Amino acid sequence: MGYEDQGLGLPLQLTVLVESYLRRGFDRGWFHAPLASQMTVQVNALVDAYGKMETIRSTPIPVAHLIHQKQVLALFTCVLPFAIVDDYGWWSVLIVAIVAFTLYGIEGIGVQLEDPFGYDKNDIKMEGIIEDTRQEVMVLLEEWRASHEGRAMGGMFD
């Protein structure tokens, strides 16, 4: 059962699942208190990292900065030809075009980097990272369970 409709993201749902598994394992004596504590610390580190990524994603660049940046870029591009025409003549048209293309390209890259966790083709695929992490945790938990039930075949928990 998911809780996305209540505002809880999938990474936090997975940590709640892992935390309940740790609590149940400790209550049943599957592992000792220091190990349970260390695993809980690792889960908390994952939640902290998720919180930092969420902060990056949800903190926009101020609108006044974006407007001012576009105005300064346009003003610079308009003034540049007059500043270099005496030295370069008709070549100043080509130079201004290259400079404008470069600066507007850098500005476009900045806009893309402002939100790295979206659904565009070039964004970080958080769903894939979360699914990989879930799969790895489930495999490790199954291996651990098998090693404690005596049916492991020389795994990492033996």
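# Close-up views of the predicted model

**View 1. Arginine 134 and glutamate 131 form a salt bridge in helix H5.** With a relative accessibility of 30%, arginine 134 counts as partly exposed (buried means under 20% relative accessible area, exposed over 50%, and partly exposed in between, using a 1.4 Å probe and protein chains only). This is a predicted model, in which local features need pLDDT of at least 70 and side-chain atom pairs count only at pLDDT 80 or more, while totals for chains, interfaces and linings use all residues. Residues are numbered from 1 along each chain as its sequence is written, and side-chain values use heavy atoms, with hydrogens and water left out. The partner of arginine 134 is glutamate 131, with 2.7 Å between the closest N and O atoms (a salt bridge is a side-chain nitrogen of Lys or Arg within 4 Å of a carboxyl oxygen of Asp or Glu). Both residues belong to helix H5, residues 126–148, where they are three residues apart, or about one turn of the helix (helices, H or I of at least four residues, are DSSP runs numbered from the N terminus). Glutamate 131 is also partly exposed, its relative accessible area being 37%. A search of the whole structure finds three salt bridges, and the other two appear in Views 2 and 3.

**View 2. Aspartate 48 and lysine 52 form a salt bridge along helix H2.** The closest N and O atoms of this pair lie 3.3 Å apart, and the two residues are four positions apart in helix H2, about one turn of the helix. Aspartate 48 is partly exposed, with a relative accessible area of 43%, whereas lysine 52 counts as exposed at 52% relative accessibility.

**View 3. Lysine 70 and glutamate 107 meet in a salt bridge between helices H3 and H4.** The N to O distance between their side chains is 2.7 Å. This pair links distant parts of the chain, since lysine 70 lies in helix H3 and glutamate 107 in helix H4, 37 residues apart. Lysine 70 counts as partly exposed at 44% relative accessibility, but glutamate 107 is buried, with a relative accessible area of 12%. Leaving aside neighbours within four places in sequence, glutamate 107 is in contact with Gln69, Lys70 and Leu73 (contact means heavy atoms within 4.5 Å).

**View 4. Helices H1 and H2 pack at an angle of about 175 degrees.** Helix H1 spans residues 10–27 and helix H2 residues 33–58, and their axes are 10 Å apart (lines fitted to C-alpha atoms over the stretch in contact, with angles from 0 to 180 degrees between N-to-C directions). H1 is therefore roughly antiparallel to H2 (angles over 145 degrees). From H1, Pro11, Leu12, Thr15, Val18, Glu19, Leu22 and Phe26 meet Ala33, Ala36, Met39, Thr40, Val43, Val47 and Tyr50 of H2.

**View 5. Valine 47 of helix H2 is in contact with Leu12 and Thr15.** These two contacts are what remains once neighbours within four places in sequence are left aside. Valine 47 counts as partly exposed at 29% relative accessibility. The C-alpha atoms of valine 47 and aspartate 132 are 16 Å apart in space, although 85 residues separate the two in sequence.

**View 6. Proline 62 occupies the loop between H2 and helix H3.** Helix H3 covers residues 63–88. Proline 62 counts as exposed at 53% relative accessibility. Between the C-alpha atoms of proline 62 and glycine 29 there are 52 Å, the two residues being 33 residues apart along the chain.

Conventions:
Parallel < 35°, antiparallel > 145°, perpendicular 65-115°, else oblique.
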